[in-house]
Amino acid sequence: MTDHTLVATGLSAGYDGKTILHGLDLAIPTGRITIIVGANACGKSTFLRTLSRLLVPTKGHVLLDGASIHRTPARQLARTLGLLPQAPIAPEGITVADLVSRGRHPHKSLFSRWTRKDDEAIDSALAATKTFDLAERPVDELSGGQRQRVWIAMALAQETDILLLDEPTTFLDIHHQIEVLDLLTDLNRARGTTIVMVLHDLNLAARYADVLVAMTGGQIHAFGPPGEVLTEDMVRTVFGLESRVIADPLSHCPMMLPIGRHRMAGHEAA
Amino acid sequence: MTADSLQATAKVAGRAVSSARSRGLWLALLAAALAVLAVLSVTTGTRAVAWADIAAALGGAQETIGQSAVALRLPRTGLALLAGAALSLAGAIMQGVTRNPLADPGILGVNMGASLAVVIGVAWFGMASAQATIWTAITGAAGAALFVYTIGSLGRGGATPLKLALAGAATSVAFSSLVIAVVLPRGDIAGGIQAWQIGGVGGATGDRVLPVLPFLVIGFAISLLSARKLNSLALGDDVAAGLGEHVAAARAVAAFGAILLCGATTAVCGPIGFVGLMVPHLCRLLIGVDHRWLLPFSALGGACLLLAADILGRIIARPGEIDVGIITALVGAPFFIWIVRRQRVRDL
Amino acid sequence: MSPTLERLVRHRTRRTRRRWTVICGFLALAVFLFGLTLSVGQSVVAPRDVLRVLAGEPVPGASFVVGQLRLPRAVLATLAGVCFGLGGAAFQTMLRNPLASPDIIGITSGAGAAAVFAIVVLQMSGPIVSLLAVGAGLCVALAVYGLSFRNGVGGTRLILVGIGVSTMLQSVIAYLLSTAPSWSLQEAMRWLTGSVNGAQLQQALPLLLAIGLFGSLLLSRVRDLEALRLGDETASALGVQVNRTRMTVIVSAVGMIAAATAITGPIAFVAFLSGPIAARIVRASGSLLLPAALVGAILVLAGDYAGQVLLPSRYPVGVITGALGAPYLLLLIVRVNRTGGSL
């Protein structure tokens, strides 16, 4: 377990002079899995990018252990706070082991040698993501699911206590989506890593989140355990959709069933 | 950035101009501007000529120095007009065919392909006749266009603006280095080719302009007739096919027209860049993205632009002249950068 | 040590060994070409005599040819090649695109335009021309950087803006050449082609300074530069200060390229081709800067040797690299686009 805290206070940010986040406050629960959901353009990716220092806020602060992340030296920050962007780029022909070893970057200075500890970090990252057998293969040749596991392995080799992920399941089929989410849960359980991610799929989010954050209009609409946050009211306000929320028979987490205008057995939508 | 940005431009334009009447108004304005510029082009130059002499020269007299100066300006004006219209039309078509706002005969390396072919023809095969030059230039233009488009559309995402522009720029660089290698051992032709390489309408004579006329006429006809096809292509290949268009054929025909136009123009004037980039973009702002209007507007606008550039080149460097190719590059490159800056990064 | 860990270490050792083998091979080839330039030309000087000249002994019949003619030439070719190769590869790595070399994005044409302006209009010659060229190269690089700035610098936008700027400068060069009187035209043309003709040993000093200063600056950023290949966002997540790294890389790469351009003129495509050639041979593992620097030296040495000795009439090295580089460049574009574009 780690005790790093990540807190956003009065956060406003945006692009091209257009403000997308409006004074947002949130304390990321330490050692838990936090999943951010919301409609398109509600600011959830912007929030994640601001949390990870990719975007400088126009107002407010992101505080890691009480210190603003925009004033912390980049390399030092990268040893605590990791990020997996939505579309990372793999140099042509790079092997899996080589790519994963790039995750050690913040732990190295110009003249420091490659150490046993580095190799061990890579070894355990490959083992955790079950990518060891791919180690010597070029990343270009892998399938989408394998590639995503390799990128997660790189983020693991970075050995950060907090890991942010921007839609880690996009472009994956449902089988690989579950695989990635299970892997991240393993990580959280085994290492106590604090995980924050943006997800599109509301039901998967409800199932895998310890804490669910619903955003709308650049602000936080609801925050708490999925059972409290995922309600029919929330879906109506955040997504503008009528729905029914029931208990998922497998996980007993809430599950949202959308109500459309057609194909509804027995009754028409409101 | 491709179809979307053109659509976005259309929206802006659509608000300003919606009816055919205002299009008609713009058309009349452009035509008037063209007439004024043509008159200016005949009357201004390094040498000031009296109106009486101009009138006499138009009647065919070449007795005074002033009259012969005007007699030189006539074919020059005609060539500037034709070349401007041809290049700008070719640019509009290339932007439509590739759905790429950065397409331009200069940037895509098409003009450089024509140059290389002509230089090789002159240096290795002793080519001298106008006809041969035109055919060679058109072949070179076609080869370069095909090459750049093919390699630009290889790989993920098809022919994105970046890949096409880079392929074009790199091809241009490679070709121009080959031009140097071809010309260098031939000191006898280096001077002539050096001058031709810049791109200008200065030395135009009736004898040099006449042979390209048939090519230009066919090129204009094909291009203007492919307007409707380009409108379908603008919606994307799949949609165009769904609308019953033969996508590959439509694209090939339109591109052929464009290549005829810029190949023939390059044969006479040398490579002139950026006209085909600027004019269609400006026209889109005025009258929207309907190619049935856009193509004729671009042709008119291109003629105006090149005439204006040529007149400017004659005025600002008195008693010398600045070739029109240099003026268009100096104005056009900032325009190109402006277009690039306007696009959002992720669309590139 | 667990068996998996052992395999991992073996894998890494193999990659590192391959990399250093290739680098040593490049080094050997460069040394060989250097020696060849010194000893075999219009006349052949025995390697023993070459060594004696280098040691400072007077050798009749060889001291002048080797010491005064060939040595400065070989030294300049090597250093310029290192500058071009290192600077070009740095740009290509930083912008994740082999086509984003200084030849394409306007730096070379900026230096060229300034030099031609100095020669033709200001009627200057000598070191002042070179100085102006260096300044102009830097200014153009900063202008391109500034013009492509909007919420940070997108690599794509920078390349496209560079293409625009480059085209504009090319036409300025063309105009200046068209107005030039014939004597300065020749001077300008010679400068634009790029050659090591008439090399003098003291010209090596600015190049050595550039390599010492900017080269070490670049090499100190080599890990950050490698991280940039994973994309700006990943690099930033790994603790790289993206904009600052980019600025350092641009200044030092341009500094080296402009310095070399100032002395030898723009030797076509060396900055462009060194990185990709090195990448083909080294394969993706570790930074390309060092191998690319060596490949640059090899290209310029070999090109100059071919232009001086192997061909029936003498050509400046820029023409040789230009003519041989162009087809390879076209091939490279095909390959790059087919595979998606990284170095």
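A nonpolar core, as I use the term here, is a set of buried Ala, Val, Leu, Ile, Met, Phe, Trp, Tyr and Cys residues joined through C-beta atoms within 7 Å. I'm working on a predicted model.

**Entry: the core**

I started with the largest nonpolar core, which has 312 residues. I looked up which members touch the most other members, and got Ile35(A), Val100(A), Ala86(B), Ala264(B), Ala80(C), Cys83(C) and Leu301(C). Next I checked which element feeds this core the most: helix α3 of chain C, residues 63-94, has the largest share with 17 residues.

I picked Ala86(B) for a closer look. Leaving out residues up to four places away in sequence, Ala86(B) touches Leu216(B), Gly219(B), Leu261(B), Cys262(B), Ala264(B) and Thr265(B). One of those partners, Ala264(B), is also on the list of residues that touch the most other core members.

**Entry: chain B on its own**

I counted secondary structure in chain B and found 16 helices and zero strands. Of its 348 residues, 53% count as buried. I also looked at how far its contacts reach along the sequence. Taking contacts in chain B between residues at least 6 apart, 78% join residues at least 24 apart.

**Entry: who touches whom**

Two pairs of chains touch, and I find the most contacts between B and C. Chains A and B do not touch, and their nearest C-alpha atoms sit 10 Å apart.

For B with C, I get 38 residues from chain B and 35 from chain C. On the chain C side, α6 (155-179) and α14 (317-339) are the elements that give two or more residues. I noted that α6(C) gives the most, with 15 residues. Sorted by class, this side of chain C has 19 nonpolar, twelve polar and four charged residues.

Then I turned to the contact of C with A, which takes 34 residues from chain A and 29 from chain C. Here α1 (3-39), α9 (222-228) and α10 (232-237) of chain C each supply at least two residues. The largest share of this side of chain C comes from α1(C), with seven residues. By class, I have nine nonpolar, 13 polar and seven charged residues on the side of chain C that touches chain A.

**Entry: a helix in chain A**

Is helix α1 of chain A, residues 44-51, mostly covered or mostly open? I find it mostly covered, with eight of its eight residues buried. The buried set holds Lys44(A) and Arg49(A) as well as Phe47(A), Leu48(A) and Leu51(A), among others. After α1(A) comes Arg53(A), and I noted its positive phi, near 80°.

**Entry: a helix pair in chain C**

Last, I looked at α12 (residues 270-282) and α13 (residues 289-310) of chain C. At what angle do α12(C) and α13(C) pack? I get about 120°, with the axes 8 Å apart. Oblique runs from over 115 up to 145 degrees on this side of perpendicular, so α12(C) and α13(C) are oblique to each other. The crossing of α12(C) past α13(C) is right-handed.

From α12(C), the contact uses Val270(C), Leu273(C), Ser274(C), Gly275(C), Ile277(C), Ala278(C) and Val282(C). The α13(C) side brings Pro291(C), Ala292(C), Val295(C), Gly296(C), Leu299(C) and Val300(C). By class, I count ten nonpolar, three polar and no charged residues in this helix contact.

How values were computed
Residues numbered from 1 in each chain as written. Chains lettered and ligands numbered in written order. Predicted model: local features only at pLDDT ≥ 70, side-chain atom pairs only at ≥ 80, totals over all residues. Contact = placed C-beta atoms within 7 Å. Helix = DSSP H or I, 4+ residues; strand = E, 2+ residues; numbered from the N terminus. Nonpolar A, V, L, I, M, F, W, Y, C, P; charged D, E, K, R; others polar. Buried ≥ 20, exposed ≤ 12 C-beta atoms within 10 Å, placed from the backbone. Axes fitted to C-alpha atoms, helices over the stretch in contact; angles between N-to-C directions. Parallel < 35°, antiparallel > 145°, perpendicular 65-115°, else oblique. Left-handed = near helix turned anticlockwise from the far one by under 90°.
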